[in-house]
Amino acid sequence: MDKLLIIADDFTGSLDTGIQFCKDGVKAKVVSEVNYDFSTTQEDVSLIVINTDSRPLTSKDAYERVYTVAKNAVEHGIKYIYKKTDSGLRGNIGSELLAVLDATNQKALCFIPALPKLNRITKDGIAWINGVPVSQSVFGEDPFEPVQYDDIAEIINDQVKTQVVKVSRNEYEHIDLNPEEKTIYLFDAETEQDLEKIAMILKKNDCFTLCGGCAGFAGYYDKMITLDKSYKPEMIQTDGLLALCGSVNQITVDQLKYAGEHGFQRGNLTCEQKLESSYLKSDEGKKFIDELFETMQNNDRYALDTLDTPDTESVKNYRLRNNMTYEQCRFQIADTIGMIAIEMIRRGLNVTYSLTGGDTLMGLMRATGCKELIPVCEIGQGAVLNLMYWNGKCIQIISKSGGFGEKEIFNIMYETVKGEKR
């Protein structure tokens, strides 16, 4: 049996991609450890997904993290490596793709960034999201990593200077994948049939040891390599759902609005609550935790978000008033949400915890000290149910990217964990 390594730049991305295999019976290990010891991997684990948590880093630092992982993998005999990138093209796309090329000392990497099932396509080398160029989509408005270019080659070369060859749909079968210098082959794709066709051509030409893209193309590795499919994990039915949302993506905003209109009680963290590192340890913070726990005793679906509201100070104003950077705000919000989840877990709250946003999930992982999750199943679009083991407890976590999911995704999660929807 083959083994595959997927390197992702955030935790939700790791899980989004890993679940494409787990739902078919492939046993995966999803870890957040750049210096992961590959020799400790159990024989029955066919898929290793490593989160480098490098999306918010500088291009140089992101390169170094990915290089370290890929170099380590090659030295331990891992043949197949997939560099998972954000479907909205955020982050250090170019530097991380080049890091994989450099670490493996290969010359060709095939990059297939499209996700047709969510209407995210590549046409003439341009990224389109729901019918508009990516820079004009919600990803162009991202407060932390706004996408400034529509041409994917420009996104890559804005970070690193390496050769990018665009491959149109009618060139699939005629492209020469044996370059003399390091080359990223950027494939157009508009349909699932395109992705499958690319997979078959790469297999025929034996040019799939290094690939990149989002969760979309990753799912087609099943047609290129042989993986053990004997693993059958099962979800746990819990008493309800506590959704903790650190994302400000408009897609998540719309999902929260729908949830509030369809049965969810909602809450919102003020700037002091989400940005003061000492808040939860204060008397007021402890009272807040006690009240949230009491609320959850009487409600089996609750959504707590970190969005700005018209009647409270905005994060921007609070940040400027307190001389905080965007990065400080970003990580403090994630850590606060992580600590809120831990306090509920310590009190024995028997719910499934939904964490929206890669930073948010990492906040919980940092708070618990856990470095790995076990993906179980996919719930709706881009929501992955996982098991986390901490302090002798098995905790059920649903991870969701801020830019993914149907408008009713939180209701789908709730119905699933309550056993009302399978």
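**Exercise 1. Find how α9 and α11 cross, and work out what kind of angle they make.**

Start with the handedness: the crossing of α9 and α11 is right-handed. Keep in mind that you are looking at a predicted model.

Step 1. Locate the helices. Helix α9 covers residues 283–298 and helix α11 covers residues 326–346.

Step 2. Check the axes. They come within 10 Å and cross at roughly 60 degrees.

Step 3. Name the angle. Angles of 65 to 115 degrees count as roughly perpendicular, and those under 35 as roughly parallel. The crossing angle therefore makes α9 oblique to α11.

Step 4. Look at who touches whom. On the α9 side you'll find F288, I289, L292 and F293, and they meet I340, E343 and M344 of α11.

Step 5. Sort those residues by class. Six are nonpolar, none is polar and one is charged.

**Exercise 2. Do the same for α2 and α3, and describe the residues in their contact.**

Step 1. Helix α2 takes up residues 59–75, and helix α3 takes up residues 93–104.

Step 2. Their axes come within 8 Å, with a crossing angle of roughly 35 degrees. This crossing, too, is right-handed.

Step 3. List the contact. From α2 come S59, A62, Y63, V66, Y67, A70, K71 and V74, while α3 supplies S95, E96, L98, A99, V100, D102, A103 and T104.

Step 4. Count by class. You get ten nonpolar, three polar and three charged residues.

**Exercise 3. Decide whether strand β1 is buried or exposed, and find its partners.**

Step 1. Strand β1 runs over residues 4–8, and five of its five residues are buried, so call it mostly covered by the cut-off of under 20% relative accessible area.

Step 2. Think about the two faces. In a regular strand the side chains alternate between the two faces of the sheet. In β1, L4, I6 and A8 sit on one side and L5 and I7 on the other, and both sides are covered.

Step 3. Find one neighbour. β1 pairs in the parallel sense with strand β4 (residues 80–84) over four bridges. Within that pairing, I6 has Y82 as its bridge partner.

Step 4. Find another neighbour. Strand β3 (residues 47–51) is parallel to β1 and is joined to it by five bridges. Here L5 stands opposite I48.

**Exercise 4. Draw the order of the sheet that holds β7, and look at the loop after it.**

Step 1. Write down the order: β6-β7-β8, an open sheet of three strands with antiparallel pairing.

Step 2. Mark the edges. These are β6 (120–123) and β8 (132–133), each of which pairs on one side only.

Step 3. Zoom in on one pairing. Strand β7 (residues 126–129) and β8 share two bridges, and W128 has P133 as its partner in β8.

Step 4. Now the loop between β7 and β8, where you'll find N130. Most residues other than glycine have a negative phi, and most peptide bonds are trans. N130 has a positive phi, near 50 degrees, and isn't a glycine.

Step 5. Look for another case. N391 also has a positive phi, about 50 degrees, without being a glycine. You'll spot N391 in the loop between β17 (383–390) and β18 (393–400). With a relative accessible area of 61%, N391 is exposed.

**Exercise 5. Place F410 in its surroundings, beginning with its helix.**

Step 1. F410 lies in helix α13, which spans residues 409–417.

Step 2. Check its accessibility. The value is 0%, so F410 counts as buried.

Step 3. See what surrounds F410. Leaving aside neighbours within four places in sequence, the residues in contact with F410 include L241, A243, C245, F264 and K400.

Step 4. Bring in helix α7 (residues 250–261). The axes of α7 and α13 come within 7 Å and cross at roughly 55 degrees, which makes α7 oblique to α13.

Step 5. Find F410 in that contact. Q255, L256, Y258 and A259 of α7 meet I409, F410 and N411 of α13. Five of these residues are nonpolar, two are polar and none is charged.

**Exercise 6. Describe where D222 sits.**

Step 1. D222 is in the loop between α6 (215–218) and β12 (241–245).

Step 2. Its relative accessible area is 32%, so D222 is partly exposed.

Step 3. Compare chain and space. D222 and T238 are 16 residues apart along the chain, and their C-alpha atoms are separated by 32 Å.

How values were computed. Residues numbered from 1 in each chain as written. Predicted model: local features only at pLDDT ≥ 70, side-chain atom pairs only at ≥ 80, totals over all residues. Heavy atoms only, no water. Axes fitted to C-alpha atoms, helices over the stretch in contact; angles between N-to-C directions. Parallel < 35°, antiparallel > 145°, perpendicular 65-115°, else oblique. Left-handed = near helix turned anticlockwise from the far one by under 90°. Contact = heavy atoms within 4.5 Å. Nonpolar A, V, L, I, M, F, W, Y, C, P; charged D, E, K, R; others polar. Buried < 20%, exposed > 50% of the residue type's maximum accessible area, 1.4 Å probe, protein only. Pairing = 2+ DSSP bridges.
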